[in-house]
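Work through the exercises below with the sequence and the model side by side, and try each task before reading its solution.

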Amino acid sequence: MTVEQLTNVHHAQPFRPFTIRMGDGRAFFVKHPDFISRSPSGRTLIVHGDDDSFSILDMLLVTELEVHASGKPGAAA
């Protein structure tokens, strides 16, 4: 996964929700562009949850970005 691929999905117009899949099997749903940010180098991501929780992810461990057709995970494009 590259920083450019994430940037393209994050800034797509119109935005489509997506899931970040990690090498260890974890998955993080991004339902709105405001729910994700990255460090200036692009190596570190922060994904925010609905309940103000957040996860800090290493971009080098991301294996897939699954872009959804609608606001629901599992509705893959």
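**Exercise 1: The sheet of strands 3, 4 and 5**

Task: find how many bridges join strand 3 to strand 4, and in which direction the two strands run.

Solution. Three bridges join strand 3 to strand 4, and the two run antiparallel; helices (H or I, at least four residues) and strands (E, at least two) are DSSP runs, numbered from the N terminus, and two strands pair if DSSP finds at least two bridges between them. Before going further, note that this is a predicted model, in which local features need pLDDT of at least 70 and side-chain atom pairs count only at pLDDT 80 or more, while totals for chains, interfaces and linings use all residues. Residues are numbered from 1 along each chain as its sequence is written, and side-chain values use heavy atoms, with hydrogens and water left out.

As a landmark in this pairing, Ser 37 stands opposite Ile 46 in strand 4. The next step is to add strand 5 (residues 54-58), which is joined to strand 4 by five bridges and runs antiparallel to strand 4; here the bridge partner of Val 47 is Ser 55. Put together, the three strands form an open sheet in the order 3-4-5, with antiparallel pairing. Strand 3 and strand 5 are the edge strands, since each pairs on one side only. From one strand to the next, the twist averages 20 degrees, where axes are lines fitted to C-alpha atoms, for helices over the stretch in contact, and angles run from 0 to 180 degrees between N-to-C directions.

**Exercise 2: The turn between strand 4 and strand 5**

Task: say which residue in the hairpin of strand 4 and strand 5 takes a positive phi, and decide whether Asp 52 is buried or exposed.

Solution. The hairpin has five residues between its strands, and among them Asp 52 takes a positive phi near 70 degrees, although Asp 52 is not a glycine. Asp 52 is exposed, with a relative accessible area of 70%; buried means under 20% relative accessible area, exposed over 50%, and partly exposed in between (1.4 Å probe, protein chains only).

**Exercise 3: The two sides of helix 1**

Task: work out which residues of helix 1 (residues 3-10) are buried, and which strands the buried residues pack against.

Solution. Leu 6, Val 9 and His 10 are the buried residues to mark in helix 1. They lie on the same side of helix 1 because they cover an arc of only 100 degrees around the axis, the arc being that of the directions from the helix axis to the C-beta atoms. On the other side of helix 1, Glu 4 and Asn 8 are exposed, and for Glu 4 the relative accessibility is 55%. Glu 4 is 38 residues from Gly 42 in sequence, while their C-alpha atoms are 9.1 Å apart in space.

Turning back to the buried residues, they pack against strand 1 (18-22), strand 3 (36-38), strand 4 (44-48) and strand 6 (62-67), where contact means heavy atoms within 4.5 Å. As for direction, helix 1 lies across strand 1 and strand 6, running at about 20 degrees to strand 6.

The loop that leads from helix 1 to strand 1 holds Pro 14, and the peptide bond from Gln 13 to Pro 14 is cis, with omega near 0 degrees.

**Exercise 4: The second sheet and a histidine**

Task: give the strand order of the open sheet that contains strand 1, and find which side chain makes a polar contact with that of His 68.

Solution. The order is 2-1-6, in an open sheet of three strands with antiparallel pairing, and its edge strands are strand 2 and strand 6. Five bridges join strand 1 to strand 6, and Met 22 stands opposite Val 62 in strand 6. His 68 lies in the segment after strand 6 and is buried, with a relative accessible area of 0%. The side chains of His 68 and Thr 19 are joined by a polar contact of 2.6 Å, that is, a pair of N or O atoms within 3.5 Å; within protein, one must be able to donate a hydrogen and the other to accept it, and residues adjacent in sequence count only if both atoms are side-chain atoms.
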